[in-house]
Amino acid sequence: MTDVGGVQGQAFADISGKTRILGIFGDPVAHSLSPLMQNAALRAAGIDAVYVPFHVRPEQLPGAVAALRALGIWGVNVTVPHKEAVMALLDEIDGPARLIGAVNTLVNRDGRLCGYNTDGEGLLESLRGDLGFTPAGRRIVLLGAGGACRAAVAALAARGAAWIGLANRSLPRAQALVNHFASHFPGTAFAILPLSPRGAGDELAQALAGADLLVNTTSLGLRGEEIPLPWPALAPGAVVCDMVYRRGGTPLCRSARERGHLVTDGLGMLAGQGERAFSLWTGQPPPFGVMKSRLLAELNDK
Ligand SMILES: NC(=O)c1ccc[n+]([C@@H]2O[C@H](COP(=O)([O-])OP(=O)(O)OC[C@H]3O[C@@H](n4cnc5c(N)ncnc54)[C@H](OP(=O)(O)O)[C@@H]3O)[C@@H](O)[C@H]2O)c1
C-alpha cells in the first residue's frame, strides 16, 4: 500500500470490491486522531478495511445507526456527544457498557448491532504499560465524575481497587456516581471529595497523601488549564495519569513530573481503547505498539 498526498492510510488504489468500512461517529469529529491510528494498524495488520470519520449531528444519529445496517458497515467508534444516546438504538449492549451507561464501540454482526465500552480497558492498558500499575488492593484518587470517570471507576473497581476517592467540582454528581457503583463493587470503598476552583481542601490533601494513583478524568487541561491541587501532599511514590492529551503536554503532567512522579497522558488510553475496538471488529489482536507510535508521531511532528 502507498501513501497518497502525504496522508497515511489505505491508498484509494487499494480499495477493492471487498474492502470493509470502519469509522467514527462524532460531533465534532474533524479533530479525531482515531482515523490515523486505526488506519495505521489496519495497514500494518494487512487487513482490507478503511476507517473514516463521520460527522453525525445529534438529530442524525438514528439515521446514521440505521445506515450501519443498510450499508453493511463493519463497525464504528462513537464519541461525544453520542456515547449515551446511541444505546437506545442497538440490539445488544455488553455488560460493562451497560454498567457504565455509555458505549464507544459498535460492532455490526450480520445486521445485529452490539455496543461495547472500551475506555476502561484502554485506561487499564495504559496504567499497566506506561506506569507499571495494577489496581488490585490500591488506593486511587480520581479527579472528575463525568462519563470518562464512570468508565474508569468500573474498570478499576472490577480489578479490585481497595479505595477510590472521587474529587469533583459538583459534589452531587460525584455522589450519584458512588451511589450507582457502590452496590456493584462491595470490595471497593468509595469517598467523595470537593475539588474547588479556589484551591483544594484538607480532605483532598489527606486522600492524596495515601494515594497510589492519581487520575485526571476532568476536561481541565485540554486548553492548558491548571488544576488546583495540593501537590506537596501527594504520596511520593504515587503515579499519575492525565486522560487529557495535547501537543506540548498538559499542565498536570508537567507539575507531576517536576515533583518526580511517574506520569502518563491520555495518548496511551486512546491507543488502548482503540486496540480493544480493533480486536472486537477484526477478531484478531492489534499489531503491537502501532497505534501509540502513530499518535506520538502526529502530536510530536507538528
Ligand atoms: N484519553 C482518552 O482515551 C479519553 C477517553 C475518554 C475521555 N477522555 C477525556 O476525558 C475528559 C472528560 O471526558 P468526559 O466524557 O468525562 O466529560 P464529561 O462527562 O463532560 O465530564 C467532565 C468532567 O470535567 C469536570 N469539569 C469540566 N470543567 C471543569 C472546570 N472548569 N472546573 C472543574 N471541573 C470541571 C466536570 O465537573 P462537573 O461534574 O462539576 O461539571 C466533570 O467531572 C475529556 O477531556 C476527554 O477528552 C479521554
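**Briefing: ligand site, sheets and local backbone features**

In this structure, 20 residues surround the ligand, and the closest are Ala148, Asn168, Arg169, Ser170 and Arg173. The model is a predicted one. The ligand occupies the largest pocket. The fold described below includes an open sheet of six strands with mixed pairing and an open sheet of six strands with parallel pairing. Individual backbone features are listed last.

**Ligand site**

- Glycine 147 approaches the ligand through its backbone, with an N or O atom lying 3.0 Å from a ligand oxygen atom.
- Arginine 169 makes its approach through the side chain, where an N or O atom is 2.9 Å from an oxygen atom of the ligand; Arg169 is also listed among the closest residues.
- Serine 219 contributes a polar backbone atom, which is 3.3 Å from an oxygen atom of the ligand.
- On its own the ligand has 920 Å² of accessible area, and the protein covers 74% of it.
- Two elements, α5 (147-158) and α9 (267-282), are those that give two or more residues to the shell around the ligand.
- The shell around the ligand consists of nine nonpolar, nine polar and two charged residues.

**Mixed sheet**

- The strand order in the mixed sheet is β2-β1-β3-β5-β6-β4, and the sheet is open.
- Strands β2 (49-55) and β4 (92-93) each have a single partner strand and stand at the edges, so one side of each is left without a neighbour in the sheet.
- Within this sheet, β3 (residues 75-78) and β5 (residues 105-109) are antiparallel to one another and pair over three bridges.
- Asparagine 77 is positioned opposite threonine 105 of β5.

**Parallel sheet**

- The strands of the parallel sheet follow the order β9-β8-β7-β10-β11-β12, and this sheet is likewise open.
- At its edges are β9 (189-194) and β12 (263-264), each of which pairs on one side only.
- Strand β7 (residues 139-143) runs parallel to strand β10 (residues 213-216), and four bridges connect the pair.
- Valine 141 faces leucine 214 of β10, the two residues standing opposite one another.

**Cis peptide bonds**

- Aspartate 27 and proline 28 are joined by a cis peptide bond whose omega is near 5 degrees.
- Proline 28 belongs to the loop between β1 (20-26) and α1 (34-45).
- The peptide bond between valine 80 and proline 81 is cis, with an omega of about 5 degrees.
- Proline 81 is found in the loop between β3 and β4, and β3 is the strand that pairs with β5 in the antiparallel sense.

**Positive phi**

- Aspartate 110 is a residue other than glycine with a positive phi, the value being near 55 degrees.
- The location of aspartate 110 is the loop between β5 and β6 (112-116); in the order of the mixed sheet, β5 and β6 stand side by side.

Methods
Residues are numbered from 1 along each chain as its sequence is written. This is a predicted model: local features need pLDDT of at least 70, side-chain atom pairs count only at pLDDT 80 or more; totals for chains, interfaces and linings use all residues. Side-chain values use heavy atoms; hydrogens and water are left out. A residue is near a molecule or strand if one of its heavy atoms lies within 4 Å of it. A polar contact is a pair of N or O atoms within 3.5 Å; within protein, one must be able to donate a hydrogen and the other to accept it, and residues adjacent in sequence count only if both atoms are side-chain atoms. Accessible areas come from the Shrake-Rupley method with a 1.4 Å probe; for residues, only the protein chains shown count as cover. On a 1 Å grid over the protein atoms alone, a cavity is a set of points where a 1.4 Å probe fits but cannot get out, and a pocket is an open set with protein on both sides within 12 Å along at least five of seven lines; lining residues have an atom within 4 Å of a point. A molecule sits in a cavity or pocket if more than half of its atoms lie within 2 Å of its grid points. Ala, Val, Leu, Ile, Met, Phe, Trp, Tyr, Cys and Pro count as nonpolar, Asp, Glu, Lys and Arg as charged, and the others, Gly among them, as polar. Two strands pair if DSSP finds at least two bridges between them.
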